[in-house]
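Thank you for letting me take a few minutes today. I would like to walk you through one helix and then a few aromatic side chains, so please have the view open as we go.

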Amino acid sequence: MNTRLATLAVALLAGVCVAAVASARPQANAPLTIYAAASLTDVFRSFDSAQNYSFGASNALETQIRNGAPADVYASAAPLNTQRLHRAGLVEKPVTFTANRLALIVPRSNPAGIRSIYDLRSKPVKLVVAGPAVPVGGYTLTVLRKMGLSSVLSKVVSRESDVRAVTGKIALGQGDAGFVYVTDARAVSDQVTVVRVPAWAQPRVRYEIAVVSRSSNKAAAQAFITSVLSARGQTALKNAGFLAIPKAPA
Amino acid sequence: MLVVATGAALLFLVLPVVAIFARVPPDELLAALGTDAAKDALLVTAETNLISMILILLFGTPAAYWIATRTSRLRDAVVTLVELPLVLPPAVAGIGLLAAFGRLGLLGGTMDTLGIDIAFTQVAVILAVTFVASPFYLRTAVAAYEGIDPTLPAAARTLGAGPGRVFARIAIPLAGAGLGAGAALAFARGIGEFGATIMFAGSLQGTTQTLSLAIYEQFDLSFVVALAISAVLVAISGTVLLSVKLLTRWRSGSTTPIPFAPTTPTSG
């Protein structure tokens with residue numbers, strides 16, 4: 001009985017040592033842990049399915065990285081979050097890698113009869129938006145301000161925690177209208193109708209990506225970022241409905 | 001060795017709770033409680049859970065009695081059904097509520113024609129809270145009724161009391177401590193509900209944002225406010241736990257069989 005226990009203990013110890021050594025040494029083929037904005041879920045997964053992803057609201061991911069989350073790469077839907085982490089020394093210099101546009105979506109059945117953005121002001125509507133700290137939530141406030149429709153915010157019935165939650169509520173018909181990215185609308189195009197936000201009212205959406213400073217696999221992380229910026233990456237983003245990297249400096 | 005294991009377990013369980021209170025100075029915590037987000041969350045949680053508890057007690061007390069007085073096979077089947085929400089992950093509960101009561105859900109069309117619109121209202125919060133909390137009450141209440149010495153209701157029946165009177169005047173008082181403990185458990189579960197609420201009712205400060213939802217939003221806006229709200233929830237939950245303990249100690253007094261004084265054998 002004692003020898004059995006001893007053998008088990010030695011085997012366990014050996015296993016732990018091997019695992020520790022293996023995880024400490026960066027391996028070229030080990031999958032990266034990529035924290036990315038929720039709107040990048042479909043395009044990143046199909047672009048590089050070999051990596052480990054954690055998708056969520058960019059602000060929530062920022063908080064997790066601040067609290068020590070083991071990410072190698074951080075891709076945010078707004079410069080604010082990457083820049084804050086960069087100033088805190090938690091990520092290396094961020095790079096803009098794509099842009100997006102906002103759209104208003106309504107359920108297929110369109111219970112509130114919304115045909116244009118201005119209908120939000122004139123008709124009773126259950127409006128669903130993302131919280132103000134979420135990038136798309138902030139962009140929504142910008143759109144409404146540019147269109148002179150900030151009063152419409154009184155019709156908000158829920159501030160969701162990320163853009164996918166907004167999409168879900170509208171696709172399920174729970175809300176009458178919601179502001180999301182055009183790329184999210186495409187994912188549920190059979191359940192929602194898109195009401196276009198005019199180009200002059202669009203906010204300056206900038207997605208930034210950076211290597212996380214405490215990553216143990218920085219070379220591979222940088223390689224991932226390079227591939228996103230490459231022709232292949234940019235084509236994948238364009239095909240998913242994202243916009244090309246804006247030429248003017250931020 | 002045993003002491004080390006116990007010490008480690010205790011430390012692991014107690015540390016996060018202590019950390020909530022110890023992480024920032026108490027005056028900061030109190031100041032954070034004064035913010036609108038915290039006050040609104042407290043109000044919403046209080047209103048919705050009060051109504052939810054009333055519903056649970058109103059429907060659950062007689063329902064549990066009915067279940068407890070059925071034959072064992074029927075009772076077991078019904079209890080299993082009633083316990084189902086207990087083992088459902090809250091997210092699944094949220095999906096289920098949407099599938100049943102959502103606008104495109106099973107009852108959505110009916111509710112539309114009746115003009116009932118619960119999307120994103122406090123009614124939706126109450127539904128979610130009631131759904132996840134009622135099994136706690138029902139399960140404990142059934143056990144409480146079954147712990148009553150059966151000779152007592154039987155004696156009442158022989159004295160001419162109808163089933164309703166037996167229920168109201170005999171069963172409820174005798175099972176009282178157990179019912180109280182069950183209500184406390186249901187209340188604790190209800191105020192902590194998060195997943196089903198955020199999916200089914202959404203989150204809007206002052207309307208549907210309960211304490212748990214407020215923690216979630218404040219966590220990356222102002223960690224101090226999140227800590228303060230968490231401290232409130234810990235305090236409430238601690239009080240509930242204490243009252244459950246005290247009530248169950250009291251309960252054992254009222255449901256043990258009361259021996260009748262032995263009568264001298266007569267021909268009566």
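Which residues of H9(A) are buried? They are A:Ala220, A:Ala221, A:Phe224, A:Ile225, A:Ser227 and A:Val228, and I should say at once that we are looking at a predicted model. Seen down the helix axis, these buried residues of H9(A) fall within an arc of 160 degrees, so they line one face of the helix. It may help to recall that an α-helix has 3.6 residues a turn, so residues three or four places apart point the same way. The helix itself covers residues 218–229 of chain A, and its twelve residues reach 16 Å from the first C-alpha to the last, close to the 16 Å expected.

Let me turn to the aromatic rings, where a search of the whole structure finds 13 pairs over all chains. In one of them, A:Tyr181 and A:Tyr207 are tilted, with 5.9 Å from centre to centre and 55 degrees between the planes. This pair links distant parts of the chain, since A:Tyr181 sits in strand E8 and A:Tyr207 in strand E10, 26 residues apart, and both tyrosines are buried.

In chain B, the ring centres of B:Tyr65 and B:Tyr145 are 5.3 Å apart and their planes stand at 75 degrees, so this pair is edge-to-face. Here B:Tyr65 belongs to helix H3 and B:Tyr145 to helix H7, 80 residues apart, and B:Tyr65 and B:Tyr145 are both buried.

Finally, back in chain A, ring pairs link a cluster of residues that includes A:Tyr181, A:Tyr207 and A:Phe224, and A:Phe224 is one of the buried residues of H9(A) with which I began.

Key. Residues numbered from 1 in each chain as written. Chains lettered and ligands numbered in written order. Predicted model: local features only at pLDDT ≥ 70, side-chain atom pairs only at ≥ 80, totals over all residues. Heavy atoms only, no water. Helix = DSSP H or I, 4+ residues; strand = E, 2+ residues; numbered from the N terminus. Expected span 1.5 Å × (residues − 1). Buried < 20%, exposed > 50% of the residue type's maximum accessible area, 1.4 Å probe, protein only. Arc of directions from axis to C-beta. Phe/Tyr/Trp six-rings, centres within 6.5 Å; stacked < 30°, edge-to-face > 60°.
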